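User: Please take one part of this model and give me a close, connected reading of its surroundings, working outward from a single residue. I would like the cut-offs behind each term stated as you go.

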Amino acid sequence: MLRITCPHCGERDHAEFAYGGDATIKYPSLDNADQEAWFQAVFIRKNPRGKHSELWQHVGGCREWLVVERDTLTHEIFSVTSARVLAEGGQ
């Protein structure tokens with residue numbers, strides 16, 4: 001069982017969260033019409049083993065999108081940060 005510590009609501013069961021995918025994907029700009037770039041960004045995924053950054057939304061709480069740094073083997077969580085704060089350049 002995963003316990004994720006939301007920066008706003010505190011520690012919660014993972015059932016309150018929805019997985020949103022790989023947080024390391026860099027999407028092309030919206031005006032980029034290169035189909036191969038979009039295909040790679042949308043459909044091609046790595047299956048990382050070990051420490052990885054993932055997007056999770058706290059749907060059962062504050063609804064904030066979070067970047068969770070988690071070990072995919074042990075499920076150990078190293079950090080949880082608001083995706084909005086990271087996008088604004090914070091930590």
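Analyst:
**Close-up of one residue**

The side chain of Glu54 makes a polar contact with the side chain of Trp56 at 3.1 Å (N or O atoms within 3.5 Å, within protein one able to donate a hydrogen and the other to accept it, with residues adjacent in sequence counted only if both atoms are side-chain atoms). The model is predicted, so local features need pLDDT of at least 70 and side-chain atom pairs pLDDT 80 or more, while totals for chains, interfaces and linings use all residues. Residues are numbered from 1 along each chain as its sequence is written, and side-chain values use heavy atoms, without hydrogens and water.

Glu54 belongs to strand S4, which covers residues 51-57 (helices, H or I of at least four residues, and strands, E of at least two, are DSSP runs numbered from the N terminus). With a relative accessibility of 2%, Glu54 counts as buried (buried is under 20%, exposed over 50%, partly exposed in between, with a 1.4 Å probe and protein chains only). Its strand shares that setting, since 5 of the 7 residues of S4 are buried and S4 is therefore largely enclosed by the rest of the structure. Once neighbours within four places in sequence are set aside, Glu54 is in contact with Tyr19, Gly21, Ala23, Leu66, Val67, Val68, Arg70 and Thr72 (heavy atoms within 4.5 Å).

The sheet around this residue is open and has 4 strands in the order S3-S4-S5-S6, paired antiparallel (a pair needs at least two DSSP bridges). Strands S3 (18-22) and S6 (77-82) are the edges, and because each has a single partner strand, one side of each is left without a neighbour in the sheet. S4 is joined to S3 by 4 bridges in the antiparallel sense, and here Gln57 of S4 has Ala18 standing opposite. Towards S5, the antiparallel pairing of S4 extends over 7 bridges, with Glu69 in S5 standing opposite Ser53. S5, made of residues 65-71, in turn pairs with S6 over 5 antiparallel bridges, where Thr81 in S6 is the bridge partner of Val67.

Trp56, the polar partner of Glu54, also takes part in a ring pair. A search of the whole structure finds 2 aromatic pairs (ring centres of Phe, Tyr and Trp, the last by its six-membered ring, within 6.5 Å; planes under 30 degrees apart are stacked, over 60 edge-to-face, the rest tilted). In the pair of Tyr19 and Trp56, the centres are 5.4 Å apart and the planes meet at 75°, an edge-to-face arrangement. Since Tyr19 lies in strand S3 and Trp56 in strand S4, the pair ties together parts that are 37 residues apart in sequence. Tyr19 is partly exposed at 47% relative accessibility, whereas Trp56, at 8%, is buried.

The other pair is that of Phe39 and Phe43, whose ring centres are 5.6 Å apart with planes at 40°, so the pair is tilted. Both residues sit in helix H1 (residues 35-43), and because they are 4 residues apart, about one helical turn separates them. Phe39 is partly exposed at 38%, while Phe43 reaches 59% and is exposed.

For the wider setting, the protein has 2 helices and 6 strands, in the sequence pattern β-β-β-α-β-β-β-α. Of its 91 residues, 27% count as buried.
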